[in-house]
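Open the model in a viewer and keep the selection panel at hand. The tour below goes from one selection to the next and says what is there.

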Amino acid sequence: MDASRDTIPDLLLDWYDRNARTLPWRAAPGTPAPEPYRVWLSEVMLQQTTVAAVKDYFAKFTARWPQVTDLAAAADEEVMAAWAGLGYYARARNLLACARAVAARGGTFPDTEDELRALPGLGAYTAAAVAAIAFGRRAVVVDANVERVVSRLFALEEPLPGARPAIRALADTITPDARSGDFAQAMMDLGATICTVRAPRCLLCPLAGPCKARAQGEPERLPVKAAKKAKPTRQGRAFWIERDEHVWLVRRPDKGMLGGMRALPDDGWIAGSDGSGEGPIDGPWENAGRVGHVFTHFSLELSLQVHLGTLAGDPPGEGEWWPLDRIDEAGLPTLFAKVARLALAEAV
């Protein structure tokens, strides 16, 4: 490690001691580490999501399920409904699987990175974060904020995502043996508040001295990102079937898009193809508008079809009649919550 690189941990930790963000799942510098359950839960929630979006969800989850064993004992549909709106619903299924695996071992999380990786749904990042932050283990924690900070510190020209192995190797060279958890959180805070995507605040940065991108005069250019491929747009239909102030809801298959969530019936659209256009029962149907939604790999245009006929019985397949005045309690994923709002607005 060169001399300037030697100074990075101390410079960053001194800054963090004065400027650490106050977050509900975090322990302040110099205080005992937070419970592993809270660290793990927050890290899973924070994947692909903002801190602002997670705070309320974290508060509700920890109030309702204060220990990992409480979460492990919860019904799948309760957890999926509580997760609704956070997106990336496979995380909620993995959350339950992991909680139950931890409960099966007495409710105690393992304290090493390798053992944490063996739990359901824990990838390299989450295992490293829990090991470092909850257990004080030396671990190299790399999220999007850390990728940006390291790319600029070392003026790394290789584009993402191919640069990730090099970024992790460079992050390893500056991660200290002591206070590894604080160092990881300091890197995250630096990326979130100082070394931002646009208009980085270099004059306030504790690492301005050793930063090669700043010395080159264009830190905002890094990290280099490969050109994005255009997202395809899929077409689908959602079906609103109403009876006696109730709407027919189904539960989506556990595997696949929005798996395990309550939803309106649809025509089978998937990431790779449009829906069939066919409804779950005979019509007549009325087109009541459409909503748009953007997923990671595609965009969806979903038209709302409202049933105008009279039902002799329940629609085929498993489902439930949900009270219209409690639709907000159904835990619909964001896409179908949009459709429900459109249907109810049309009914007014």
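**Stop 1: two crossing helices**

Select helix α6 (residues 76-83) and helix α7 (residues 90-104): their axes come within 10 Å and cross at roughly 135 degrees. The coordinates come from a predicted model. Angles over 145 degrees would count as roughly antiparallel and 65 to 115 as roughly perpendicular, and α6 and α7 are therefore oblique to each other. The crossing of α6 and α7 is right-handed.

Now show side chains at the contact. From α6, pick Asp 76, Val 79, Met 80 and Trp 83. From α7, pick Arg 91, Ala 92, Arg 93, Leu 95, Leu 96 and Arg 100. Coloured by class, the contact of α6 with α7 shows 6 nonpolar and 4 charged residues, with no polar ones.

**Stop 2: a covered helix**

Move to helix α10 (residues 144-153), where 9 of the 10 residues are buried. The buried residues to select in α10 are Asn 145, Val 146, Glu 147, Arg 148, Val 149, Val 150, Ser 151, Arg 152 and Leu 153. What covers them? Display α2 (8-19), α11 (164-174), α12 (180-193) and α13 (212-216), which are included in the cover over the buried residues of α10.

Keep α10 and α12 and hide the rest. The two helices pack at an angle of about 80 degrees, and their axes are 8 Å apart. α10 and α12 are therefore roughly perpendicular to each other. On the α10 side, the contact uses Asn 145, Val 146, Arg 148, Val 149 and Val 150. On the α12 side, select Met 187, Met 188, Leu 190, Gly 191 and Ala 192. By class, the residues of the contact of α10 with α12 are 7 nonpolar, 2 polar and 1 charged.

**Stop 3: the sheet**

Switch to cartoon view and select the strands β1, β6 and β5. They form an open sheet of 3 strands in the order β1-β6-β5, with mixed pairing. Which strands are at the edges? The edge strands are β1 (233-240) and β5 (285-294), each paired on one side only. From one strand to the next, the twist averages 25 degrees. Strands of a sheet pair through backbone hydrogen bonds, either parallel or antiparallel.

Begin with β1 and strand β6 (residues 299-307), which pair in the parallel sense over 8 bridges. Two positions can be picked to check the register: Gly 236 stands opposite Leu 302 in β6, and Arg 237 has Ser 303 of β6 as bridge partner.

Next take β5 and β6, which pair in the antiparallel sense over 8 bridges. Label Asn 287, whose bridge partner in β6 is Gln 305. Between β5 and β6 lie 4 residues, and the two strands form a hairpin.

**Stop 4: inside strand β6**

Turn on a surface for the rest of the model and look at β6. Of the 9 residues of β6, 8 are buried, so the strand is largely enclosed by the rest of the structure.

Finish on Ser 299, found in strand β6. Is Ser 299 buried or exposed? Ser 299 has a relative accessible area of 18%, and buried means under 20%, so Ser 299 is buried. To see its surroundings, select Lys 231, Pro 232, Thr 233, Arg 234, His 293 and Val 294, which Ser 299 touches, leaving out residues up to four places away in sequence.

Note on methods: Residues numbered from 1 in each chain as written. Predicted model: local features only at pLDDT ≥ 70, side-chain atom pairs only at ≥ 80, totals over all residues. Heavy atoms only, no water. Axes fitted to C-alpha atoms, helices over the stretch in contact; angles between N-to-C directions. Parallel < 35°, antiparallel > 145°, perpendicular 65-115°, else oblique. Left-handed = near helix turned anticlockwise from the far one by under 90°. Contact = heavy atoms within 4.5 Å. Nonpolar A, V, L, I, M, F, W, Y, C, P; charged D, E, K, R; others polar. Pairing = 2+ DSSP bridges. Buried < 20%, exposed > 50% of the residue type's maximum accessible area, 1.4 Å probe, protein only.
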